[in-house]
Amino acid sequence: MGTANDYIEKRLTERRLNGAYRTLKPENDRVDFCSNDYLGFARSSILKNQIDDELNKHQSALNGASGSRLISGNLTYTENLEKEIAAWHNSEAGLLFNSGYDANVGLLSSLLQRGDTIITDELIHASVIDGARVSHANRYTFKHNDSNSLEAKLKATKGTCYVVVESVYSMDGDMPPLLDLLKLTERYHASLIVDEAHAIGLYPNGLVGQLKLEERIFARVVTFGKALGCHGAIVLGSNLLREYLINFARSFIYTTAAPFHQLASIKMAYQLLQGSADTVTRLKNNINLFKQNIQLHNADILIPSDSAIQCIRLNSNEKAKQVAAQLQDNGLDVRAILSPTVPQGSERIRICLHTFNTESEINLLTSTLNQLMNDK
């Protein structure tokens with residue numbers, strides 16, 4: 001019988017042989033084209049000063065929450081913040097979670113019951129997959145952004161049905177035909193859940209808000225660790241859903257609440273977001289500049305995207321790592337995305353554009369990419 005260490009070493013060896021071995025890397029001085037800090041809030045001195053001012057107004061606040069929200073960790077400040085965020089997103093109510101992962105796992109694992117059905121886009125991210133796995137529901141996927149594929153799955157559903165999509169896909173950067181998908185879920189009496197993690201920033205209210213579909217969406221998950229530059233998440237929906245999650249979402253019930261500093265950071269980030277029209281315009285201009293400059297002989301390897309996430313498929317872990325290393329040698333922090341994070345055969349480099357990237361930095365990125373990719 002093998003030992004635990006035997007098993008661990010075997011799995012790590014498999015990862016190394018597959019070229020998928022992960023390591024942690026410290027910060028560097030390369031130009032940031034990999035972080036999710038789309039609006040530059042994480043590095044904003046304005047936001048930092050606003051957070052400091054808010055903390056100074058609440059000097060009696062504890063360093064830590066001291067317990068879960070249901071024990072000692074709930075504050076009037078927290079509940080007011082939830083109401084403010086829900087109002088910003090035109091939602092009846094909201095419930096804060098410590099991270100986007102916690103929000104998706106808590107939402108789906110508590111809602112889905114044995115005999116229910118969850119249908120997700122085949123490219124949905126890991127926290128949704130894990131939330132569904134914890135449940136005993138029937139699980140299906142539909143072809144990426146394909147309404148016909150979704151309808152075929154909806155016709156075969158049993159029990160209460162939930163459909164989950166992202167408004168901007170984290171590893172492709174593209175967007176779903178949200179209105180078409182919503183009409184289908186309504187026709188088949190399914191509830192649509194939209195993860196807005198990567199849409200906030202490009203759209204201050206998310207894609208759902210941009211399309212004014214708030215009243216027709218069952219639930220939204222908004223995270224604060226991307227464009228808002230802080231940490232945490234909120235599930236937006238009805239008052240009834242909020243009460244349900246307080247009673248049944250284990251990732252909410254059985255964890256220490258967020259510290260006051262995190263709450264103050266979220267509050268100030270939303271205040272900064274309210275005056276961010278010029279910032280969003282700069283982001284859109286940088287996206288357009290990248291798309292105008294990139295000239296690849298094989299245009300099919302560039303995944304179509306109008307978001308801050310731009311990806312070039314290289315179709316193997318080794319090729320993705322090689323191109324990322326060459327970009328890094330040129331002072332550009334671009335990372336390879338390897339299988340199993342993305343399906344085998346769709347490995348890629350993932351480029352994130354930001355408001356703080358200069359025209360000269362984007363020109364360097366695109367000229368380097370054009371040379372690297374067209375020389376192959």
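In this predicted model, arginine 16 lies over the face of tyrosine 21, 4.5 Å from the ring centre. A second arginine is placed over a ring as well: the charged end of arginine 43 sits over phenylalanine 356, at 3.7 Å from the centre of that ring.

Rings also pair with rings. The structure holds six aromatic pairs. One of them joins tryptophan 88 and tyrosine 270, whose ring centres are 6.5 Å apart. Their planes meet at 75°, so the pair is edge-to-face; the cut-off for that class is over 60 degrees. Tryptophan 88 belongs to helix 3 (residues 76-88), and tyrosine 270 belongs to helix 11 (residues 260-274). The pair therefore ties together parts that are 182 residues apart in sequence. The two residues were also assessed for burial. Tryptophan 88 is partly exposed, with a relative accessible area of 23%. Tyrosine 270 has a relative accessible area of 4% and is buried. Phe224 joins the group too, as ring pairs link Trp88, Phe224 and Tyr270 into a cluster.

Phe224 also appears in the nonpolar core. In soluble globular proteins, nonpolar side chains tend to be buried together. Here the largest nonpolar core has 108 residues. The members that touch the most others are Leu107, Val163, Phe224, Ile349, Ile351 and Leu369. Helix 11 supplies the largest share of this core, with nine residues. The surroundings of isoleucine 351 can be listed. Leaving aside neighbours within four places in sequence, isoleucine 351 is in contact with Phe33, Phe290, Ala308, Ile309, Gln310, Ile312, Val334, Leu365 and Leu369.

An open sheet was also found. Seven strands form this sheet, in the order 2-8-7-6-5-3-4, and their pairing is mixed. Strand 2 (93-97) and strand 4 (138-142) stand at the edges. Each has a single partner strand, so one side of each is left without a neighbour in the sheet. On average, neighbouring strands are turned by 20° against each other, direction ignored. At one edge, strand 2 runs antiparallel to strand 8 (residues 233-237), and five bridges join the two. Glycine 94 stands opposite leucine 236 in strand 8. Helix 4 (residues 100-111) packs on the sheet. This helix touches strand 2, strand 3 (117-121), strand 5 (161-166), strand 6 (191-195), strand 7 (219-223) and strand 8. The direction of helix 4 makes about 160° with that of strand 7.

The loops were examined next. Aspartate 172 is found in the loop between strand 5 and helix 7 (178-187). Aspartate 172 is a charged residue that is buried, with a relative accessible area of 10%. Not counting residues up to four places away in sequence, aspartate 172 touches Leu123, Ile303, Ser305, Ile309, Cys311 and Arg348.

Some backbone angles are of note. Most residues other than glycine have a negative phi, and most peptide bonds are trans. Asparagine 145, however, has a positive phi, near 60°. Asparagine 145 sits in the loop between strand 4 and helix 6 (147-154), and is buried at a relative accessible area of 18%. Histidine 189 also has a positive phi near 60°. Histidine 189 lies in the loop between helix 7 and strand 6 and is exposed, with a relative accessible area of 71%. Finally, a cis peptide bond joins serine 339 and proline 340, with omega about 15°. Proline 340 is placed in the loop between strand 11 (335-337) and strand 12 (348-352).

Terms used. Residues are numbered from 1 along each chain as its sequence is written. This is a predicted model: local features need pLDDT of at least 70, side-chain atom pairs count only at pLDDT 80 or more; totals for chains, interfaces and linings use all residues. Side-chain values use heavy atoms; hydrogens and water are left out. Rings of Phe, Tyr and Trp (its six-membered ring) pair if their centres lie within 6.5 Å; planes under 30 degrees apart count as stacked, over 60 as edge-to-face and the rest as tilted. Helices (H or I, at least four residues) and strands (E, at least two) are DSSP runs, numbered from the N terminus. Buried means under 20% relative accessible area, exposed over 50%, partly exposed in between (1.4 Å probe, protein chains only). A charge sits over a ring if NZ of Lys or CZ of Arg is within 6 Å of the ring centre and within 35 degrees of the ring normal. A nonpolar core is a set of buried Ala, Val, Leu, Ile, Met, Phe, Trp, Tyr and Cys residues joined through side-chain atoms within 4.5 Å. Contact means heavy atoms within 4.5 Å. Two strands pair if DSSP finds at least two bridges between them. Axes are lines fitted to C-alpha atoms, for helices over the stretch in contact, and angles run from 0 to 180 degrees between N-to-C directions.
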